Amino acid sequence: MSYQKRTKDQLAARVAQDIFDGAVVNLGIGQPTLVANHLPEGREVILHSENGILGMGPAPAEGEEDYDLINAGKQPVTLLKGGSFFHHADSFAMMRGGHLDICVLGAFQVSATGDLANWSTGEPGAIPAVGGAMDLAIGAKQTWVMMDLLTKKGESKIVAQCSYPLTGIACVKRVYSDLATLECTPQGLKLIDKVEGLDHAELEKLVGLPIQPE
Amino acid sequence: MINKIARSIAEALADVKDGSTVLIGGFGTAGIPNELIDGLIEQGAKDLTVVNNNAGNAEVGLAALLKAGRVRKIICSFPRQADSQVFDGLYRSGQLELELVPQGNLAERIRAAGAGIGAFFCPTGFGTQLAGDRETREIDGKQYVLEYPIHGDVALIKAEKGDRWGNLSYRKAARNFGPVMAMASDRTIATVHEIVELGEMDPEAIVTPGIFVHQIVRIDRVATQAGGFKKAA
């Protein structure tokens with residue numbers, strides 16, 4: 001049987017579907033930012049930005065940019081009614097202190113038990129940069145990863161053990177990918193859903209690891 | 001009479017010594033005190049350790065300080081950006097030492113210095129390269145790494161409004177590291193766009209109380225600048 005990968009927007013919509021009404025959420029730089037465009041109507045979700053914003057709104061209209069009001073990717077944003085500003089120590093206390101419900105991050109690799117590698121490929125000569133990735137990964141009540149399941153070379157980004165430098169240990173709860181949504185547990189991977197037409201054995205073959213059925 | 005208002009940036013920066021640790025506020029271009037950094041370049045202090053979230057944008061401000069060869073070491077969380085070419089070159093050629101710190105640890109280590117905390121156990125970074133060989137401890141079943149304070153000889157921060165007691169308020173997300181850096185330095189110098197009479201700032205809305213601030217300098221307001229990301233073509 002043939003199957004279609006989720007597009008970036010379909011994947012963002014899939015993640016958004018699981019964000020509950022009233023959640024405080026941090027969306028990582030890059031692909032996770034797309035999730036904000038797909039939040040189902042009727043759900044009130046507060047977006048946190050680690051540079052010190054709660055109640056972050058969408059990008060401003062052209063010409064209205066204010067670079068004192070930027071997101072973690074340094075792009076101009078807006079503030080919703082009820083939004084607030086705070087300093088960095090408070091912002092990261094919101095993570096470590098367990099006040100943030102969900103964070104959605106990109107990843108290079110995730111292990112079956114939820115180890116995350118997303119800050120460095122470890123290449124010699126590469127300039128390292130970590131930002132808030134490590135704080136977010138271990139701080140939010142739930143850390144979700146949003147990524148393509150396979151690398152461009154067709155290797156699984158879900159692995160038995162990360163080969164890239166770690167961001168955090170056993171911190172990823174779920175992986176939302178273009179082919180399947182999987183839960184990381186101390187016992188390994190568990191299926192939440194997969195794209196139509198992709199059978200279980202084929203998914204396990206792509207990942208190269210056993211996946212407990214839903 | 002207490003009067004923390006400096007007449008000029010040069011006067012405020014006159015005592016910065018070679019070898020100082022300088023905490024510089026800002027996240028990307030928001031809240032980065034470029035006027036004070038330009039003043040520091042002019043003042044001439046060298047062999048500095050700079051603490052900032054990033055490592056300079058384009059060729060101005062912190063990037064210009066790096067380019068001028070005044071900085072020996074930078075402590076930051078996210079040096080690599082679309083426009084961090086000055087840092088990239090110095091780092092690659094081994095002319096600049098880098099201590100990479102997770103962003104929240106950076107903020108909390110600075111806060112700890114200001115709050116008189118000797119060290120603290122923090123879960124961030126446990127089991128990663130960035131925990132280095134620092135002491136770890138299991139507390140209630142969770143793993144932590146011992147983190148030490150980052151104290152500044154000088155802090156340079158950008159605020160919005162101030163008075164002669166040094167009370168400060170900030171503007172939007174430009175607040176970022178300002179309040180914790182102000183606490184953590186022997187000498188905190190802030191620029192403001194507006195200086196008001198004592199009593200004019202709403203006491204409920206003073207973000208940094210004057211006790212943490214040593215000098216304020218008024219600067220002209222200029223349009224906020226983009227930086228740190230690749231603009232869509």
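The following legends describe close-up views of a predicted model containing chains A and B.

**Figure 1. Overall view of chain B in the predicted model.** Chain B contains six helices and 13 strands. Its C-alpha trace spans about 50 × 45 × 40 Å along the principal axes. The radius of gyration of chain B is 18 Å, which agrees with the value near 17 Å that a compact globule of 233 residues would have. Of these 233 residues, 53% count as buried. Among the contacts in chain B with a separation of 6 or more, 78% are made by residues 24 or more positions apart. The mean pLDDT of chain B is 96, with 99% of its residues at 70 or more. For the model, the scores are ipTM 0.96 and pTM 0.96.

**Figure 2. Close-up of helix α2 of chain B and its packing partners.** The helix comprises residues 34-43 of chain B. Its buried residues are B:Asn34, B:Leu36, B:Ile37, B:Gly39 and B:Leu40. These buried residues of α2(B) pack against two helices of chain B, α1 (9-13) and α3. They also pack against the strands β1 (21-24), β8 (152-158) and β11 (185-192) of chain B. B:Gly44 follows α2(B) and has a positive phi, near 100 degrees.

**Figure 3. Close-up of helix α4 of chain B and its buried side.** Within this helix (residues 85-92), the buried residues are B:Val86, B:Phe87, B:Leu90 and B:Tyr91. These residues lie on the same side of α4(B), because the arc that they cover around the axis is only 120 degrees. The elements of chain B against which the buried residues of α4(B) pack are α3 (62-67) and β4 (97-100). After α4(B) comes B:Gly94, with a positive phi near 75 degrees.

**Figure 4. Close-up of strand β1 of chain A with β2(A) and β5(A).** Strand β1(A) covers residues 24-27, and β2(A) covers residues 46-49. The two strands pair in the parallel sense over three bridges. In this pairing, A:Leu47 of β2(A) stands opposite A:Val25. Strand β5(A), residues 102-105, also runs parallel to β1(A) and is joined to it by three bridges. Here A:Cys103 of β5(A) is the residue opposite A:Asn26.

**Figure 5. Close-up of the three-stranded open sheet of chain A.** The strand order is β7-β6-β9, and the pairing is mixed. The edges are formed by β7 (116-117) and β9 (158-159) of chain A; each has a single partner strand, so one side of each is left without a neighbour in the sheet. Strand β6(A), residues 109-111, and β7(A) are antiparallel and pair over two bridges. The bridge partner of A:Val110 in β7(A) is A:Leu116.

**Figure 6. Close-up of the contact between chains A and B.** The contact involves 32 residues of chain A and 41 residues of chain B. On the side of chain A that touches chain B, at least two residues come from each of the helices α2 (88-96) and α3 (133-139) of chain A. Helix α2(A) gives the most to this side, with five residues. By residue class, the side of chain A that touches chain B consists of 17 nonpolar, nine polar and six charged residues.

Key
Residues numbered from 1 in each chain as written. Chains lettered and ligands numbered in written order. Predicted model: local features only at pLDDT ≥ 70, side-chain atom pairs only at ≥ 80, totals over all residues. Pairing = 2+ DSSP bridges. Helix = DSSP H or I, 4+ residues; strand = E, 2+ residues; numbered from the N terminus. Contact = placed C-beta atoms within 7 Å. Nonpolar A, V, L, I, M, F, W, Y, C, P; charged D, E, K, R; others polar. Buried ≥ 20, exposed ≤ 12 C-beta atoms within 10 Å, placed from the backbone. Arc of directions from axis to C-beta. pLDDT = per-residue confidence, 0-100. Rg over C-alpha atoms; globule rule 2.2 N^0.38 Å.
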